[in-house]
Amino acid sequence: MKQALIDIGSNSMRLTVYELGNDDFKVLFKQKYMAGLAGYVEDGRLTGPGILKACSGLSEFRNTLNSLGIQNTKVFATASLRNISNTEETVHFIEGATGYPIEVISGREEAALGYYGAMLDHDISDGAYIDIGGASTEVVTYSNGNLEHSVSFPVGSLYLFKNCVKKILPGLGSFDRMEKELHLRIDEEGNFPFTHKEKILCTGGTSRALMKTARNYFNLSSDCNSMSREQLEEICAFFVKGRTPVRDLILKTEPERIHTLIPGTMILQHVVERLDADEIVIGKYGVREGYLCQRLMHQE
């Protein structure tokens, strides 16, 4: 059976089509729509143009699914619709305009489902999981294969860009503002699991974009999916240094994330430092696969 999942994120909306077996799945098709919904939030509300942007993304996905003849579709939203004050009216409008029922999952659900999805492809019994989105960052710590802490922080790559960066690429003042915002949103939350973890498993568009950029910067092999803490610190220092080389590197590798890659990397570096981690591993599965297995395939 073919199953489509649509994830309405704060930075990008993603459609993934799966072939489901008895107890397994295979990814058949992926499509991305860069909606940038977090950039349409004003005074805590998603504005009319932002709501229409979400509708446009879903309409584009519907056209794709119709052309493929796929009818089984589930739609869920994360911080994009969760962290706004007009969630109910926004969901009602989008559902009426597109015909898609939308489930808005909580921050703790997002963290737990993301962790479950990430573990499908990795056997790391002790460490941390992080998913850096556009408007939120989910962090999970686990030991001996058991989940210890699950936290969703209200700060993401697009959120940082919108609130701290005045131009496309951040200057020194922007880096200072981002550091202060991260301290406020993560350190002062009081519930961050500050426990040493040697490995951090990362999922999401920001992490994949950073890994792609790191491969280019360090001349790593195309199948490399991990970096050391020292490599992360070096690429962060490179981001801080100068505009033209940084701009050229990002435009070569991830041009559509030229405004959010650096803020997202700042979030990752902040969490890595707090956990005193040594290695960052990039996973290919995340919240969508966790949702697929736990909500639709009912795997434990």
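**Why is it called that? Terms and values in a predicted chain**

Colleague: What makes the reach of helix α1 (residues 48–68) close to what is expected?
Modeller: Helix α1 has 21 residues, and from first C-alpha to last it reaches 30 Å, close to the 30 Å expected at 1.5 Å a residue. The rule for the expected span is 1.5 Å times one less than the number of residues. By the way, a helix here is a DSSP run of H or I with at least four residues, a strand is a run of E with at least two, and both are numbered from the N terminus.

Colleague: What kind of model is this, and how are things counted?
Modeller: It's a predicted model, where local features need pLDDT of at least 70, side-chain atom pairs count only at pLDDT 80 or more, and totals for chains, interfaces and linings use all residues. Residues are numbered from 1 along each chain as its sequence is written, and side-chain values use heavy atoms, with hydrogens and water left out.

Colleague: How many helices and strands does the chain have?
Modeller: The chain comes to 11 helices and 13 strands.

Colleague: Why does the radius of gyration agree with a compact globule?
Modeller: The rule is 2.2 Å times the number of residues to the power 0.38, with the radius taken over C-alpha atoms. For 300 residues that puts a compact globule near 19 Å, and the chain has 18 Å, so the two agree. The box filled by the C-alpha atoms is roughly 50 × 45 × 40 Å along the principal axes.

Colleague: Why does S10 count as buried?
Modeller: Buried means under 20% relative accessible area, exposed means over 50%, and partly exposed is in between (1.4 Å probe, protein chains only). S10 has 5% relative accessibility, so it counts as buried. You'll find S10 in the loop between β1 (2–8) and β2 (13–20). Leaving aside neighbours within four places in sequence, S10 has contacts (heavy atoms within 4.5 Å) that include G36, L37, A79, S80 and L158.

Colleague: And why is N144 called exposed?
Modeller: N144 has 65% relative accessibility, so it counts as exposed. N144 sits in the loop between β9 and β10. Its phi is positive, about 55°, although N144 is not a glycine.

Colleague: Then what makes D276 partly exposed?
Modeller: The relative accessible area of D276 is 38%, so partly exposed is the right label. D276 is in the loop between α10 (261–275) and β13 (279–282). Phi of D276 is near 55°, a positive value in a residue other than glycine.

Colleague: Why does the span of helix α4 (residues 107–119) agree with the expected one?
Modeller: With 13 residues at 1.5 Å a residue, α4 should span 18 Å, and its end C-alpha atoms are 18 Å apart, so they agree. Among the buried residues of α4 are G107, E110, L113 and Y116. What the buried residues of α4 pack against includes β8 (127–132), β11 (199–203) and α11 (287–296).

Colleague: Why does the span of helix α7 (residues 205–218) agree too?
Modeller: Its 14 residues should span 20 Å, and the end C-alpha atoms of α7 are 20 Å apart, so they agree. Buried residues in α7 include T206, L210 and M211. After α7 comes N219, with a positive phi near 60°.

Colleague: How many of the chain's residues are buried?
Modeller: Buried residues make up 55% of the 300.
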